[in-house]
Amino acid sequence: REVAMATEAQRRALNNYRKKTKSIVVRFYPNEADEEMHAWLKSQENTTEYLKALVRSDMEKSEPQKNG
């Protein structure tokens, strides 16, 4: 299958989009605990949504403490 090269406008649009997004890198080290967590995370259907749901849940749990 042939892959078309991006036009200059497409490259600029992609660059602008990337400037607006944020990312976090998580490193897993070669030990049993990290390898187990990495395997679990990779087994999720949508890694990004899985992590966002965990963070959202944690934020909701801590809200009463912030306001309290």
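D34 lies in helix α2, and in this predicted model the residue makes a good place to start. Its side chain is buried or paired in a salt bridge, you might wonder; which of the two applies to D34? D34 is buried yet has no salt bridge. The nearest side chain of opposite charge belongs to R27, and that side chain is 10 Å away. A salt bridge here requires a side-chain nitrogen of Lys or Arg within 4 Å of a carboxyl oxygen of Asp or Glu, so at 10 Å R27 does not qualify as a partner for D34. Even so, R27 does touch D34: once neighbours within four places in sequence are set aside, the contacts of D34 are R27, F28 and Y29.

Let's step along to E35, which also has its place in helix α2, an element covering residues 32-43. E35 is partly exposed, and its relative accessible area is 46%. Leaving out residues up to four places away in sequence, E35 touches Y29 and P30. Y29 is thus a residue we have met before, as it is also among the contacts of D34.

F28, another contact of D34, deserves a look of its own. Where does F28 lie? F28 sits in the loop between α1 and α2. With a relative accessible area of 29%, F28 is partly exposed. Not counting residues up to four places away in sequence, F28 touches D34, M37, H38 and L41. For one of these, H38, there is also a backbone distance to check on your screen: the C-alpha atoms of F28 and H38 are separated by 6.6 Å, while the two residues are 10 apart along the chain.

Now for the charged pairs. Side chains of opposite charge can pair when their charged atoms come close. How many salt bridges are there? The count comes to two. In one of them, R11 pairs with E8, and the closest N and O atoms are 3.0 Å apart. Because R11 and E8 are three residues apart in helix α1 (residues 8-20), about one helical turn separates them. In the other, the side chains of R12 and E8 meet at 4.0 Å, N to O. R12 and E8 are four residues apart in helix α1, so here too the separation is about one helical turn. E8, R11 and R12 are therefore linked in a network of salt bridges. How accessible are these residues? E8 is partly exposed, with a relative accessible area of 45%. R11 is partly exposed at 42%, and R12 counts as partly exposed at 47%.

Next, turn to the largest pocket, which has a volume of about 390 Å³. Which residues line the largest pocket? The lining is made up of K22, S23, I24, V26, T47, T48, L51, K52 and V55. Sorted by class, the lining has four nonpolar, three polar and two charged residues.

Finally, zoom out to the whole protein chain. The chain has three helices and zero strands, and from the N terminus on its elements run α-α-α. Of its 68 residues, 3% count as buried. D34, where we began, is buried, whereas E35 in helix α2 is partly exposed.

Terms used
Residues are numbered from 1 along each chain as its sequence is written. This is a predicted model: local features need pLDDT of at least 70, side-chain atom pairs count only at pLDDT 80 or more; totals for chains, interfaces and linings use all residues. Side-chain values use heavy atoms; hydrogens and water are left out. Helices (H or I, at least four residues) and strands (E, at least two) are DSSP runs, numbered from the N terminus. Buried means under 20% relative accessible area, exposed over 50%, partly exposed in between (1.4 Å probe, protein chains only). Contact means heavy atoms within 4.5 Å. Lys and Arg count as positive and Asp and Glu as negative; His and the chain ends are not counted. On a 1 Å grid over the protein atoms alone, a cavity is a set of points where a 1.4 Å probe fits but cannot get out, and a pocket is an open set with protein on both sides within 12 Å along at least five of seven lines; lining residues have an atom within 4 Å of a point. Grid points are joined across faces, edges and corners, and a volume is the space filled by probe spheres set on the points. Ala, Val, Leu, Ile, Met, Phe, Trp, Tyr, Cys and Pro count as nonpolar, Asp, Glu, Lys and Arg as charged, and the others, Gly among them, as polar.
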